[in-house]
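I opened a new structure today and jotted down what I looked up. Here are my notes, in the order I made them.

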Amino acid sequence: MNRVAAALAWTVGLGFGVFAVIGTVFFARSGRILHVMGFPAYGEGPFERVGIPTSIALLAGFVAVCTAEVVVGTMLWTGRRGGRAFALALLPFELAYWVGFALPYALILGLARAVAVIVSVRAQNRRGS
């Protein structure tokens with residue numbers, strides 16, 4: 001289950017992180033939100049509707065969260081100590097961005113990753129007891 005969780009973490013971290021970097025650079029250069037296939041790349045969503053405007057800091061924060069997601073994936077894949085705890089600790093920050101940027105696929109994949117981590121923890125606890 002750790003490897004399933006790792007694959008999901010890499011999918012989310014890289015899949016959304018690459019566009020986050022591109023979107024951040026575009027925003028920094030132009031002051032506008034990048035649109036990909038007609039959809040805004042990290043802007044014009046729930047964050048803005050509640051008064052949190054798109055900014056370089058907000059976008060850079062998302063890049064950092066995506067980078068942490070890739071690190072989590074690597075930790076889970078290699079069985080590094082603390083990988084599962086890091087994966088669960090990162091979840092609230094990810095959730096804030098996924099909801100704030102209206103990223104339903106990231107939400108689904110991220111929650112699937114969390115379930116895989118919890119199943120892995122429970123399986124280890126059963127073996128250890």
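**Layout.** I counted five helices and two strands in the protein chain; helices (H or I, at least four residues) and strands (E, at least two) are DSSP runs, numbered from the N terminus. Going along the sequence, I get the pattern α-β-β-α-α-α-α. I then boxed the C-alpha atoms along the principal axes and got roughly 55 × 25 × 25 Å.

**Ground rules.** This is a predicted model, where local features need pLDDT of at least 70 and side-chain atom pairs count only at pLDDT 80 or more, while totals for chains, interfaces and linings use all residues. Residues are numbered from 1 along each chain as its sequence is written, and side-chain values use heavy atoms, with hydrogens and water left out.

**Confidence.** I checked pLDDT, the predictor's confidence in each residue, from 0 to 100. The protein chain averages 93, and 98% of its residues score at least 70. Among the elements, helix H3 (residues 56-78) has the highest mean, 97, and strand E2 (residues 39-40) the lowest, 86.

**Helix H3.** I looked at H3 end to end: its 23 residues reach 33 Å from first C-alpha to last, close to the 33 Å expected at 1.5 Å a residue (the expected span is 1.5 Å times one less than the number of residues). Right after H3 comes Gly79, with a positive phi near 70 degrees. Thr74 sits in H3. Is Thr74 buried or exposed? Neither: Thr74 is partly exposed, because its relative accessible area is 38%, and buried means under 20%, exposed over 50%, partly exposed in between (1.4 Å probe, protein chains only). I also noted that Thr74 and Ala9 are 65 residues apart in sequence but 8.6 Å apart in space, C-alpha to C-alpha.

**Core.** Buried residues make up 39% of the 129 in the chain. The largest nonpolar core has 32 residues, and Phe16, Tyr42, Phe62, Phe101 and Leu103 have the most contacts inside it. Such a core is a set of buried Ala, Val, Leu, Ile, Met, Phe, Trp, Tyr and Cys residues joined through side-chain atoms within 4.5 Å. H1, H3, helix H4 (83-100) and H5 each supply at least two residues of this core. The largest share, nine residues, comes from H3. In soluble globular proteins, nonpolar side chains tend to be buried together.
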